[in-house]
Amino acid sequence: MSRVPLERKVLSENEHIAAGLRERFARHGVLCLNFISAPGAGKTALLERTLEGFPAGRRVAVLAGDIQTDNDARRLARFGFPARQITTAGACHLDARMIERALEGWDLEALDLLFIENVGNLVCPSSYDLGEAAKIVLLSVAEGEDKPLKYPSIFFKSELLIVNKIDLLPYVPFDLARARENALRVQPALEIVEVSCTTGQGLDAWQRWLDRRQARAAALGIPLPL
Amino acid sequence: MHELGIANSVLEAVRAEARLHPGARFTKVGVRVGELSGVEPDSLSFCFEALVAGSDLAPLELAIERCPRRHRCPACDVSFVVVDYELACPQCGKAQTDCIGGEELELSFLEVEQP
């Protein structure tokens, strides 16, 4: 009996494809953002409000992941920007190969910004690098403020936390200060914005974050993660 | 529940290794799973056993090494295991410390029975 060392990532194939995607995004100057949340936290609503606010010439595209249906891509295509659905047929997350396939035929040189809406799930998507510059996690106030402590992986790996549905705060027991505190316990560098996609409150702060992040990526020349 | 896919990736890695060592029989594969990896060790074991049973690799065992979140203090260079999200340095109290472990999802070893 002998023991041979085997030092390699379990998901080395995914990491390899993600590294290729990251390199392509860098070469074409595309800032890629990966949106992750539990089902129903408002990823699609946030992207709708974001696209709605963009001028027609904004060089943005969206990939929307779901287990079934192309409802989200249809909702997002209404704003005149390219939007494609990735249907995972049962898989609980997107992986780098799905992104690579979905980008076929798209001219990345025509884009500055790519939004990826992951499958609604706070666990599995956190393990799969999609070549993004940053992960953005959404938490709605209809959920528990202890979610960052229960699902630390995704909060740890995200650059930005968007707390959504703050218009519901008067009707739910959600403790916003505690939620913020919990998120920062898991990831002290996490930035936080609070929004309501229904009333539009806070969306200007999200837009400013996005502009800053794009400016930083452009200044660095390559949209690398922090 | 992506542990089935993760378990399958572990088996694919073992099969790739098997092609490099014709005739060898693998008895155990070691995997490091960090607490920030997003992978649940018990679920991974369950899926691994389900996939291995009756396959060409049976009776391969899975040895999971659970890796806690670890931080290092940039001021006094002490490294420590993070318990209950307490990230401050236990030695000097510095609040901002650097994460140096806990994201692992890595193959570590294979036990081989030589023919």
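Me: In which helix do Trp206(A) and Trp209(A) lie, and how many residues apart are they?

Reply: Both tryptophans lie in helix H8 of chain A, which spans residues 203-220, and they are three residues apart, or about one turn of the helix. The model is a predicted one, and in it both Trp206(A) and Trp209(A) are buried.

Me: How many aromatic pairs does the rule give over all chains, before we come back to those tryptophans?

Reply: The count over all chains comes to five aromatic pairs. One of them is Phe54(A) with Phe115(A), a stacked pair with 6.4 Å from centre to centre and 25° between the planes. Phe54(A) belongs to the loop between helix H2 (43-53) and strand E3 (60-66) of chain A, whereas Phe115(A) belongs to strand E5 (residues 113-117) of chain A, so the pair ties together parts that are 61 residues apart in sequence. Phe54(A) counts as buried at 8% relative accessibility, and Phe115(A) counts as buried at 0%. Trp206(A) and Trp209(A) also make a stacked pair, with 6.0 Å between centres and 20° between the planes.

Me: Which residues form one aromatic cluster with Phe54(A)?

Reply: The cluster consists of Phe35(A), Phe54(A), Phe81(A), Phe115(A), Trp206(A) and Trp209(A). Phe54(A) also has a charged neighbour, since Arg58(A) lies over the face of its ring at 4.1 Å from the ring centre.

Me: How should I read the side chains of a strand, and which way do those of E5(A) point?

Reply: In a regular strand the side chains alternate between the two faces of the sheet. In E5(A), Leu113(A), Phe115(A) and Glu117(A) point one way while Leu114(A) and Ile116(A) point the other way, and all of them are buried. As for its neighbours, strand E2 (residues 31-37) of chain A pairs with E5(A) in the parallel sense over five bridges, and Asn34(A) stands opposite Ile116(A). E3(A) and E5(A) also run parallel, joined by five bridges, and here the partner of Leu63(A) is again Ile116(A).

Me: What is the general idea of a salt bridge, and how many does the rule find over all chains?

Reply: Side chains of opposite charge can pair when their charged atoms come close. The rule finds 28 salt bridges over all chains, including the one between Glu111(B) and Arg3(A), with an N to O distance of 3.1 Å. This pair crosses between chains, from strand E6 (residues 105-113) of chain B, which holds Glu111(B), to strand E1 (residues 2-9) of chain A, which holds Arg3(A). Glu111(B) counts as buried at 14% relative accessibility, and the charged end of Arg3(A) also sits over the ring of Phe109(B), 3.6 Å from its centre.

Me: Where do Arg208(A) and Asp204(A) lie?

Reply: Both of these residues lie in helix H8 of chain A, four residues apart, about one turn of the helix. Their salt bridge has its closest N and O atoms 3.7 Å apart; Arg208(A) is partly exposed, with a relative accessible area of 47%, and Asp204(A) is partly exposed at 46%.

Me: How many residues of chain A are in contact with chain B?

Reply: On the side of chain A there are 27 residues, in contact with 30 residues of chain B. The two chains bury about 2700 Å² between them, with 57% of that on carbon and sulfur atoms. Four salt bridges are found across the interface, and Arg185(A) and Asp84(B) meet in a salt bridge at 3.6 Å, N to O.

Methods: Residues numbered from 1 in each chain as written. Chains lettered and ligands numbered in written order. Predicted model: local features only at pLDDT ≥ 70, side-chain atom pairs only at ≥ 80, totals over all residues. Heavy atoms only, no water. Phe/Tyr/Trp six-rings, centres within 6.5 Å; stacked < 30°, edge-to-face > 60°. Helix = DSSP H or I, 4+ residues; strand = E, 2+ residues; numbered from the N terminus. Buried < 20%, exposed > 50% of the residue type's maximum accessible area, 1.4 Å probe, protein only. Lys NZ or Arg CZ within 6 Å of the ring centre and 35° of its normal. Pairing = 2+ DSSP bridges. Contact = heavy atoms within 4.5 Å. Buried area = accessible area lost by both parts, 1.4 Å probe. Salt bridge = Lys/Arg side-chain N within 4 Å of Asp/Glu carboxyl O.
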